[in-house]
Amino acid sequence: MNYTIHPLILGSALRPRDPRGSGGSELIEAPVISYFLTGGGHRILVDTGGAAPDGVRWMPYFRKPEQDPVLQLDRFGCAPEEIDTVILTHLHWDHTGNNHLYPNAKFFVQRREYEAFLQNIDLPCYDKVPTLSTTYELLDGDTELYSGLQLLLMPGHTPGFQCVIIETSKQKHIILGDTAAQLSHWLNTPRLIQDPGYDTPRLMKCITLIDSLGAILLPGHDMSVFSLNTYPK
């Protein structure tokens, strides 16, 4: 099954260039990204982005009017009610804040991720209300969700983080998400990937697998993904 991938920009936040904190105080504009996938009769969203900025939480965080999630989807002829599947790479605030917009979707997240959220629910990295209000299909490890669409359990950024491996008409694409917020983090030697030790052997195995696939890599917060409106070209 071949999918088409449309990146959606849902706002921006200012974040450190180096995710490990060793790069000093330099901040860069980090877009908040969702991915709209079509294929196999499905309309799929990977992550829902952050709630509308209120000038208080998660600052500096901002969103232009045209970056509203509904308007972004409309660019590709889709209404929120038509989304049947939402894949959440993880449960941080900038990935779950618009869950309520998709009433007809099934939401998929790793069980490890959901349990970690429940154990740390008051941490500021979470948007508690929309995340708690969502009903999830809990996954236990690698899953072929649909033909040509695989979810890869890849702890590192969070305990139950998952990447998305997508078959397209040309080659595989991988939504790395916050495994590599910037593509330069993945390409750097050594890689600038967060590894708090949730499951280091598993993380290293996944990195080796991804390297072997020769796929197009889509990082989590990198403006470069918008150089094309649609993948593949």
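**Figure 1. Aromatic pairs in the predicted model.** The structure, which is a predicted model, holds 5 aromatic pairs. One of them joins Trp 58 and Trp 93, whose ring centres are 4.3 Å apart and whose planes stand at 0°, so this pair is stacked. Trp 58 belongs to the loop between strand 3 (42–46) and strand 4 (61–62), whereas Trp 93 belongs to helix 2; the pair therefore ties together parts that are 35 residues apart in sequence.

**Figure 2. The open sheet of 7 strands.** In this sheet the strands follow the order 4-1-2-3-5-6-7, and their pairing is mixed. The edges are formed by strand 4 and strand 7 (136–139); each has a single partner strand, so one side of each is left without a neighbour in the sheet. Helix 3 (residues 111–119) packs on the sheet and touches strand 6 (106–110) and strand 7. The direction of helix 3 makes about 85° with that of strand 6.

**Figure 3. Pairing of strand 3 with strand 5.** Strands of a sheet pair through backbone hydrogen bonds, in either the parallel or the antiparallel sense. Here the sense is parallel: strand 3 and strand 5 (residues 85–87) are joined over 3 bridges. Within this view, Ile 44 has Thr 85 of strand 5 opposite to it.

**Figure 4. The open sheet of 5 strands.** A sheet with the strand order 8-9-10-11-12 is also open, and its pairing is mixed. Strand 8 (143–146) and strand 12 (216–219) occupy the edges with a single partner strand each, so one side of each is left without a neighbour in the sheet. On average, neighbouring strands of this sheet are turned by 25° against each other, direction ignored. Helix 6 (residues 200–213) packs on the sheet, where it touches strand 9, strand 10, strand 11 (173–177) and strand 12. Between the direction of helix 6 and that of strand 9 the angle is about 145°.

**Figure 5. Pairing of strand 9 with strand 10.** Strand 9 (residues 149–153) and strand 10 (residues 162–166) run in the antiparallel sense and are paired over 5 bridges. Gln 150 has Ile 165, in strand 10, as its bridge partner.

**Figure 6. The largest pocket and its lining.** The largest pocket encloses about 460 Å³ of space. It is lined by 28 residues, of which Arg 15, Pro 16, His 157, Asp 178 and Gln 194 are the closest to its centre. Strand 1 (4–16), strand 2 (27–39) and helix 2 (93–96) are the elements that give two or more residues to this lining. Strand 1 provides the largest share, 4 residues. Sorted by class, the lining of the pocket comprises 16 nonpolar, 7 polar and 5 charged residues.

**Figure 7. The cavity and the residues around it.** Searching the whole structure yields 1 cavity of 30 Å³ or more. The volume of the largest cavity is about 40 Å³. Its lining consists of Ile 33, Tyr 35, Asp 47, His 95, Ile 175, Gly 177 and Gly 220. At least two residues of this lining come from strand 2, and at least two from strand 11. By class, 3 of the lining residues are nonpolar, 3 are polar and 1 is charged.

Conventions. Residues are numbered from 1 along each chain as its sequence is written. This is a predicted model: local features need pLDDT of at least 70, side-chain atom pairs count only at pLDDT 80 or more; totals for chains, interfaces and linings use all residues. Side-chain values use heavy atoms; hydrogens and water are left out. On a 1 Å grid over the protein atoms alone, a cavity is a set of points where a 1.4 Å probe fits but cannot get out, and a pocket is an open set with protein on both sides within 12 Å along at least five of seven lines; lining residues have an atom within 4 Å of a point. Grid points are joined across faces, edges and corners, and a volume is the space filled by probe spheres set on the points. Ala, Val, Leu, Ile, Met, Phe, Trp, Tyr, Cys and Pro count as nonpolar, Asp, Glu, Lys and Arg as charged, and the others, Gly among them, as polar. Two strands pair if DSSP finds at least two bridges between them. Axes are lines fitted to C-alpha atoms, for helices over the stretch in contact, and angles run from 0 to 180 degrees between N-to-C directions. Contact means heavy atoms within 4.5 Å. Rings of Phe, Tyr and Trp (its six-membered ring) pair if their centres lie within 6.5 Å; planes under 30 degrees apart count as stacked, over 60 as edge-to-face and the rest as tilted.
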